[in-house]
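Visitor: I would like to learn how the words used for a protein model are earned. Can you take me through the reasoning?

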Amino acid sequence: MITVNFNPQFDAAKMSSILQELKSDPMGGWIELPKKIDMDEVARIKAAAKKINEDSEYLVCIGIGGSYLGHRAIIEALRPDSGLKIIYAGKSLSRRELEYTLNKVGDRDFSINVISKSGTTLETSIAFAAFKDKLIKKYGPEEAKGRIYATTDAHHGSLHDETVNNGYTRFVVPDNIGGRYSVLTAVGLLPMAVAGVDIDGFIAGALAATTEAVEPAIKYAWMRYTMAMNKYDTEVFASFEPFSEYFNEWLKQLFGESEGKNGQGIWPASVVYSTDLHSLGQFMQEGRRNLWETIIDYPTDEMNKKVVCAVMRAHTAGGIPVLSIGVPSYDARGFGELIYFFELSCAMSAKLLGVDPFTQPGVEAYKNELKKLIQQ
Ligand code: PA5
């Protein structure tokens, strides 16, 4: 069970009405999802994962933002060894990075999991075109189709249309779940299953969290709101496990895209200790006091526990409010709980700040400018 080391006096009526609002939001489908997991879909995911492991050395996961950060966070944190390697593409527009990933796969057997809810994201489309071309050159057009797994909208988008027309193996991102809240759909489950993560354990953790993590999530959302109201505008997520670096990246995206709008939001930053104690530690201890620290306290070894304790004492003495979130177990189940806990806290926290957690209108601004430049 997720635990927290703070106990704020929150407005219970307000939090209960926020929870109800979220549940009836057209994009709130992820809240009840752990209770409604379609086991036939999970069986299809497992079958696809088995086939990919049998016929491929690499799975190229193509997607950006909410279409890749969640599963990468879990895979990197747990590092299971299914024998197959996952490689990520389409998470930037760098030609250098794309060529590196293409060369990394080289002549080896591979399959593609292209993930895009909209089916129109530029980064994803460019990387998909490059890897599809490689697939066709290696296997010919027919076999290539059997090695493409597409996770996209049920009805719309060019990726949807291409998938249906070519008979790629298709998984759906439900209408009522957006990218950054989609880890528990095929978006996250397929790459995790391919990598060898225990997805049943992950689902079980999220399911347990639908009851057990609600109160801790309310307390955490309320603490964040209190911090924001007291002019603490930066939250530093701190972990002591180097493998959880991508979990921090997922957190930053979740909170940044959900809260940062209408001039609102808390800037989400992250550190991994003890590595960053030797770089950002100085700033944490003695720098500008506009930030607080949220420790994600994974079960860890004795030495690392001492570091957690030392950091809490030192930073508190240095004038930083330190919150701590206790993770029950460092396994798929623990991460299932943690993902649900943060999704729920984040959506409630955004509501407390008066913004819609499920939109990202600001992301369009750079896309429009890019479109203009490309047309020129
Ligand atoms: O969380 C989100 O909604 C975004 O980060 C999207 O996941 C990201 O922009 C990619 O979008 P799409 O899945 O449509 O390619």
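Guide: Start with a term. A polar contact is a pair of N or O atoms within 3.5 Å. Keep in mind that this model is predicted.

Visitor: What makes the pair at Gly 66 a polar contact?

Guide: A polar backbone atom of Gly 66 is 3.0 Å from an oxygen atom of the ligand. The cut-off is 3.5 Å, so the pair counts as a polar contact.

Visitor: Which side chains have a polar atom by a ligand oxygen, and at what distance?

Guide: Ser 118 has a polar side-chain atom 2.6 Å from an oxygen atom of the ligand. For Thr 121 the distance is 2.5 Å. Both values fall within 3.5 Å, so these are polar contacts too.

Visitor: Is the ligand mostly buried or exposed?

Guide: Buried. Taken alone, the ligand exposes 380 Å², and the protein buries 88% of that. In total, 13 residues surround the ligand. Among the closest are Ser 67, Ser 116 and Gln 253.

Visitor: Why is one space called a cavity and another a pocket?

Guide: In a cavity the 1.4 Å probe fits but cannot get out, whereas a pocket is an open set, so the way out decides the name. The whole structure has one cavity of 30 Å³ or more. The largest cavity holds about 60 Å³.

Visitor: What makes Trp 30 a lining residue of the largest cavity?

Guide: A lining residue has an atom within 4 Å of a grid point of the space. Trp 30 is in the lining, so one of its atoms meets that limit. Helix H13 (residues 332–352) gives the most to this lining, with four residues.

Visitor: How do you know which class the lining residues of the largest cavity belong to?

Guide: By residue type. Leu 33 lines the cavity, and Leu counts as nonpolar. Glu 343 is in the lining as well, and Glu counts as charged. The full tally is eight nonpolar, one polar and one charged.

Visitor: What about the largest pocket, and which helix gives most to its lining?

Guide: The largest pocket has about 850 Å³ of space. Its lining has 31 residues, with Ser 118, Thr 121 and Lys 367 among the closest to its centre. H14 gives the most, with seven residues. By class, the lining has 12 nonpolar, 12 polar and seven charged residues.

Conventions
Residues numbered from 1 in each chain as written. Predicted model: local features only at pLDDT ≥ 70, side-chain atom pairs only at ≥ 80, totals over all residues. Heavy atoms only, no water. 1 Å grid on protein atoms, 1.4 Å probe; cavity = no way out; pocket = protein on both sides within 12 Å on 5 of 7 lines; lining within 4 Å. Points joined across faces, edges and corners; volume = space filled by probe spheres on them. Helix = DSSP H or I, 4+ residues; strand = E, 2+ residues; numbered from the N terminus. Near = heavy atom within 4 Å. Polar contact = N/O pair within 3.5 Å; in protein donor to acceptor, adjacent residues only side chain to side chain. Areas by Shrake-Rupley, 256 points an atom, 1.4 Å probe, with all protein chains shown as cover.
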